[in-house]
Amino acid sequence: MQTLKPKPKARPFCLSVKGHVKLLRLVFGLAASVFCIADGALIYRKLLFNPGGPYQKTDAHDKLVL
């Protein structure tokens, strides 16, 4: 008859490498979401005050230089 080997104790999920990777992915995903929303709000605000957009209406070489 074979003797039973004791199972090695498994680490808690939060202390394993897989847990750290999932936690970092979650944090970076949340940070990316927040930054995208903030960027969209800033672009909306910029276009609200400048509806023509960020582009120049006249060419740069047409300006008079004194």
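Which residues make a nonpolar surface patch of about 380 Å²? In this predicted model, the patch is made by Leu23, Leu26, Val27 and Leu30.

One member of the patch, Val27, is found in helix H1, which covers residues 17-49. Val27 has a relative accessible area of 43% and is therefore partly exposed. This value lies between the 20% limit for buried and the 50% limit for exposed residues.

Helix H1 is set in a simple fold description: the secondary structure of the protein chain comes to one helix and zero strands. The UniProt record, an unreviewed entry, lists residues 21-44 as "transmembrane region". Over residues 21-44 the chain is 100% helix and 0% strand. The end C-alpha atoms of this segment are 34 Å apart.

Burial and surface were also computed for the whole chain. The protein chain has 66 residues, and buried residues make up 5% of them. Its accessible surface comes to about 7200 Å². Carbon and sulfur atoms account for 69% of that surface.

Technical notes
Residues numbered from 1 in each chain as written. Predicted model: local features only at pLDDT ≥ 70, side-chain atom pairs only at ≥ 80, totals over all residues. Heavy atoms only, no water. UniProt positions renumbered as here; feature names shortened; annotations may be inferred. Helix = DSSP H or I, 4+ residues; strand = E, 2+ residues; numbered from the N terminus. Patch = residues over 30% accessible without salt bridge, like charges linked within 9 Å, V, L, I, M, F, W, Y side chains within 5 Å. Areas by Shrake-Rupley, 256 points an atom, 1.4 Å probe, with all protein chains shown as cover. Salt bridge = Lys/Arg side-chain N within 4 Å of Asp/Glu carboxyl O. Buried < 20%, exposed > 50% of the residue type's maximum accessible area, 1.4 Å probe, protein only.
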